[in-house]
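Student: Could you take me through one part of this model closely? I would like to look at its aromatic rings, and then at what lies around them.

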Amino acid sequence: MELIDFSDKSDKPICLALGYFDSVHNGHKILLDECVKSGFTPAVFTFKNNPQSAISGMTKQCYTFTERVQIFAKIGIKLVISSVFDKDFMNMRGYEFLDKLCKNFNVREVVFGTDYTCGVKAEYSVEDVKNYFKNIGVSVKIIDLLKNEKGKIASRQVRELLTEGKIEQVNQMLPYPYFTIGIVEKGRNVGGSIVGYPTANISYPEDKIQIKAGVYKTHITIDNKIYLGLTNVGAHPTFDDYNFNLESFVIDFEGDLYGKQIKIEFFEYFRGISKFNNADELKAQIDSDFKRVLSDKLR
């Protein structure tokens, strides 16, 4: 996987998927799959930040840029071209964006959806983009939007479902289970003493949309091995800790977790955050949660 900035240059002949790809949902994967099987180097253009940050001030994303890069790599993308969406980018004309893209990169084929637009105030329609590339001899593939019972599958739907804790519905819209990655930090050191399992604490990414607080069934990847887990998303009121982070109980892991990068995949929302009267009450609830986790094998 090669990461390159929009202002840099590359001579590799590429098939380029155009979009933002915030949630990299199943519709996005169809575009990316077309690039992978094109015969050219499969590439994608995306933004490092949420474009709405320059428009409305909203900075949250379904996936961070780093997480999206991981998904792109898993799908088979070999080159990621990225840019920060700022006021200068926002005011770029459609033809200016495409001119720069074709000047800096050896674009042989492009793939985008029927709702794709670019340029200031979305001035370039899908027809404008198609005609631009055809006029310079670049092959164009326009992909119909993937739909479900609510209409086209969109990152907006994914964001809404995440805030509602409907993780199973989210996963039906994504090619891979929804996840977050982070570096394990020092926690309150109560996991082992309370339930007998080590805990992995990671900060919640500042630019990532906050999913509904609560306790989830998860799979946790540590050193390329997957473990069953139980993850608390949000605060820890029993211990008067109201920081929004992720604390995961990892089943059958032995060793030091601090400083390791882990991946947490979410599968089921169990319950909301509760404040227990004491550690014994909390342990009883966690024991009950663990029985639910252990009743399901790793997928």
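Tutor: Here is a walk through the rings, followed by the pocket, one strand and a few loop residues. Keep in mind that this is a predicted model.

Start with the whole chain. The protein chain has 299 residues, and 52% of them count as buried. It holds 10 helices and 14 strands. Its C-alpha atoms fill a box of roughly 70 × 35 × 35 Å along the principal axes.

Now the rings. How many aromatic pairs are there? The count comes to 21 aromatic pairs. Take Phe6 and Phe89 as one of them. Their ring centres are 5.9 Å apart, and their planes meet at 55 degrees. Planes under 30 degrees apart would be stacked, and planes over 60 would be edge-to-face. The angle here is 55 degrees, so the pair is tilted.

Where do these two residues sit in the chain? Phe6 is in the loop between β1 (2–5) and β2 (10–17), while Phe89 belongs to helix α4. They are 83 residues apart in sequence, so the pair ties together separate parts of the chain. Are the two buried or exposed? A residue is buried when its relative accessible area is under 20%. Phe6 has 2%, so Phe6 is buried. Phe89 has 11%, so Phe89 also counts as buried.

Compare a second pair, Tyr132 and Phe133. Their ring centres are 5.4 Å apart. Their planes stand at 85 degrees, so this pair is edge-to-face. Tyr132 is buried, and Phe133 is buried too.

Go back to Phe6 and Phe89. Both belong to a cluster linked by ring pairs. The other members of the cluster are Tyr20, Phe45, Phe47, Phe85 and Phe97.

Tyr20 leads us to the largest pocket. Tyr20 is among the residues nearest the centre of that pocket, along with Gly19, Asp115, Tyr116 and Thr117. In total, 41 residues line the largest pocket. Several elements give two or more residues to this lining: α1 (26–36), β3 (41–47), α2 (52–55), α4 (87–90) and α7 (155–163). Helix α4 is the one that holds Phe89. Which element gives the most? That is α1, with four residues. The volume of the largest pocket is about 1,100 Å³. By class, its lining has 24 nonpolar, 10 polar and seven charged residues.

Stay with α1 for a moment. Leu32 is found in this helix. Its relative accessibility is 0%, so Leu32 counts as buried. Gln169 is 137 residues away along the chain, and the C-alpha atoms of Leu32 and Gln169 are separated by 22 Å.

Rings can also have a charge above them. The charged end of Lys263 sits over the ring of Phe179, 4.6 Å from the ring centre. Arg292 lies over the face of Phe270, at 3.8 Å from the ring centre.

Phe179 brings in strand β9, which covers residues 179–183. Four of the five residues of β9 are buried, so the strand is mostly covered. β9 runs antiparallel to strand β14 (residues 261–271), and five bridges join the two. One detail of this pairing involves Lys263 again. Lys263 in β14 is the bridge partner of Ile181.

Finish with the loops. Most residues other than glycine have a negative phi. Which residues have a positive phi here? Ala122 is one of them, with a phi of about 55 degrees. Ala122 lies in the loop between β5 (105–113) and α6 (126–135). Its relative accessible area is 42%, so Ala122 is partly exposed. Asp252 also has a positive phi, near 70 degrees. Asp252 is in the loop between β13 (241–250) and β14. Its relative accessible area is 66%, so Asp252 is exposed.

One more loop residue is Val84, between β4 (79–83) and α4. Val84 has a relative accessible area of 43%, so Val84 is partly exposed. Thr46 is 38 residues from Val84 along the chain, and their C-alpha atoms are separated by 8.9 Å.

Technical notes: Residues numbered from 1 in each chain as written. Predicted model: local features only at pLDDT ≥ 70, side-chain atom pairs only at ≥ 80, totals over all residues. Heavy atoms only, no water. 1 Å grid on protein atoms, 1.4 Å probe; cavity = no way out; pocket = protein on both sides within 12 Å on 5 of 7 lines; lining within 4 Å. Points joined across faces, edges and corners; volume = space filled by probe spheres on them. Nonpolar A, V, L, I, M, F, W, Y, C, P; charged D, E, K, R; others polar. Phe/Tyr/Trp six-rings, centres within 6.5 Å; stacked < 30°, edge-to-face > 60°. Buried < 20%, exposed > 50% of the residue type's maximum accessible area, 1.4 Å probe, protein only. Lys NZ or Arg CZ within 6 Å of the ring centre and 35° of its normal. Pairing = 2+ DSSP bridges.
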